[in-house]
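Me: I'd like to go through this fold with you, one question at a time. Please start with the terms we will need.

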Amino acid sequence: MQKMQEQFSADPEQVLPGLFRALMKIKLLLRAEVMKKSRFWQWLVATALLVATSAASAAGYVIHAGRFVDVEAGEVREQVSIVTDGNRISDVRPGFIAARSGQQLLDLRGHTVLPGLIDLHVHIADEFSPKYHSEYFFMEQADYALRAIPFAERTLLAGFTSVRNLGEKEHGVTYAIRRAVEAGHIDGPRIFTAGAGLATTGGHSDPTNGLRHEYMGDPGPELGVLNGADDARKAVRQRYKEGADVIKLTVTGGVLSLAKSGDNPQFTAGELTAVMETAHDYNLPVTVHAHGAEGMKRAIRAGVDSIEHGTFMDDEARQLMKEHGTWYIPTLSAGKWVAKKAEEPGYFPEIIRVKAAAVGPQIQETFAAAYKDGVKIAFGTDAGVFPHGQNAMEFGYMVEAGMPPLEAIQAATLNAAQVLRRDQDLGSLVTGKLADIVAVRGDPLKDIDLMNHMAFVMKDGVVYKND
Ligand SMILES: [Zn+2]
């Protein structure tokens, strides 16, 4: 209820529907003719006051931050006030300033306040389990969408106010989830989605891999399976038509598909060039899932914007990434998770278990080498391979591999916003940007695992969590 009032007060445009609902209620009550006149007037005055108060508190919040992570300057400041107005930050000032009338004070003096976190690699509509492949035959699109509601909520409450969804088992379902969050029907992070990932026949995200022949069919570019440059252009244009925010390709084999190779190259240079040229015509960034070095090199040379996983990245691939300014999204959490699950008898089918045991343990070492070498790194976890809401585990893995905590936080804020091409609105706490603000108790720069205990979450100026 508290959250609903805050949501209501955060957006002045919602005052009108609120008034309309109040008037409808009055009409119904009058029609019922059961209310005594005096009590009716008391109720009417109270309703009018509630609407007036809500409109006034649209002025926003004053947040007193004990510690404030300034990701742009790369430093932590003490005692800072952040002022929000509607869904934007209207001021950031040293010291604790008083709240004016209509503003609500949020006391986070014992906390460290950070920009809303961004996970660049999730699968919000999926969560891997031993039933992952078989449930596809029994679940409808609506089942996938409804099951994702708690996934989205958990992700938001873990402090991730924006996510990028890179592939979905059920075609088109993440657009529906994105719309439901945008409309306020469900609580979740701001979603940027690739829709269905693009593969070649039998490639990592071909949705019919491993099925008996009569079910394999020939999915084609609409469902994300392309062969040749014409198909590549058609598949990208189809994603644009559906409303994708980014194009995702699986340019090498992968771990969780029912296919033999986890790292072979799966796109030709010609197909890659056709994808990049078309996507960039529509101003869509392109990211690629890649474990093997040859597949990632072809993608980098063709002009890809970022590489996911990058497991068997070699010296040459790192040099190419630096030359081309290609981002690296490491997903250490997924590597750790599949390596652990590969030891559990029967968790994976054998064809997957072998790949999980080979690929999983390698990613963290690759990340350490890439960081040392100066490759540009942004934060992504592959949540959905492991349970949603545990996204912040990634920080610990990054720090364990040699990245300082502040840089890990920059990877999940400033850098991730640049990868999304949304750094005008997201990624740091400065005047004019969206009011996506999170906080943990204590100092995560001293103990990075505190990132797993999010105490405060605001998205778009609305408070979703304040423990
Ligand atoms: Zn993934």
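Reply: Two strands pair if DSSP finds at least two bridges between them, and the elements themselves are DSSP runs numbered from the N terminus, with helices (H or I) of at least four residues and strands (E) of at least two. Residue numbers start from 1 along each chain as its sequence is written. The model is predicted, so local features need pLDDT of at least 70 and side-chain atom pairs count only at pLDDT 80 or more, while totals for chains, interfaces and linings use all residues.

Me: Happy with that! How many helices and strands does the protein have?

Reply: For an overview, start with burial: a residue is buried if 20 or more other C-beta atoms, placed from the backbone, lie within 10 Å of its own, exposed if 12 or fewer, and partly exposed in between. Of the 467 residues, 49% are buried. The secondary structure comes to 15 helices and 14 strands.

Me: Among contacts between residues at least 6 apart in sequence, what share joins residues at least 24 apart?

Reply: A contact here is a pair of residues whose C-beta atoms, placed from the backbone, lie within 7 Å. Among the contacts between residues at least 6 apart, the share that joins residues at least 24 apart is 71%.

Me: Which strands stand at the edges of the open four-stranded sheet?

Reply: The strand order in this sheet is 8-9-10-11, and the pairing is parallel. Each edge strand has a single partner, so one of its sides is left without a neighbour in the sheet. These edge strands are strand 8 (247-250) and strand 11.

Me: What is the bridge partner of threonine 287?

Reply: Strand 9 (residues 286-290) runs parallel to strand 10, and four bridges join the two. In strand 10, the partner of threonine 287 is serine 306.

Me: What angle does helix 9 make with strand 9?

Reply: Angles run from 0 to 180 degrees between N-to-C directions, with axes as lines fitted to C-alpha atoms, for helices over the stretch in contact. Helix 9 (residues 293-302) packs on the sheet and touches both strand 9 and strand 10. Its direction and that of strand 9 make about 170°.

Me: On to the open sheet of three strands: what is its average twist from one strand to the next?

Reply: The order is 5-6-7, again with parallel pairing. Strand 5 (117-122) and strand 7 (190-193) are at the edges with a single partner strand each, so each has one side without a neighbour in the sheet. From one strand to the next, the twist averages 20°.

Me: Which residue is the bridge partner of isoleucine 118?

Reply: Four bridges hold together the parallel pair of strand 5 and strand 6 (residues 160-165). The partner of isoleucine 118, in strand 6, is serine 162.

Me: Where does helix 4 bend?

Reply: The bend at a residue is the angle between axes fitted to the seven residues ending there and the seven starting there. In helix 4 the bend is about 30°, and proline 150 follows within four residues. The buried residues of helix 4 include Phe151 and Leu156, and among the elements that cover its buried residues are strand 5 and strand 13. The bend is at alanine 148.

Me: Why do the buried residues of helix 13 lie on the same side?

Reply: Helix 13 (residues 363-373) buries Ile363, Thr366, Phe367, Ala370 and Tyr371. The arc is that of the directions from the helix axis to the C-beta atoms. The buried residues are on the same side of helix 13 because they cover an arc of only 130°.

Me: Which exposed residues does the face turned away from that buried side carry?

Reply: The buried residues of helix 13 pack against several elements, including helix 10 (315-324) and helix 11 (332-341). The face turned away carries Glu365 and Lys372.

Me: And helix 7: which elements do its buried residues pack against?

Reply: Ala232, Ala235, Val236 and Arg239 are the buried residues of helix 7. They cover an arc of only 95°, which puts them on the same side of the helix. Asp230 and Lys241 are exposed on the other side. The buried residues pack against strand 8 and helix 8 (269-281).

Me: Last one: in strand 14, what is the bridge partner of valine 457?

Reply: Five of the six residues of strand 13 (residues 454-459) are buried. Strand 13 runs antiparallel to strand 12 (residues 437-441), with four bridges, and valine 438 stands opposite valine 457. Four bridges also join strand 13 to strand 14 (residues 462-466), again antiparallel. In strand 14, the partner of valine 457 is lysine 465.

Methods
Two residues are in contact if their C-beta atoms, placed from the backbone, lie within 7 Å.
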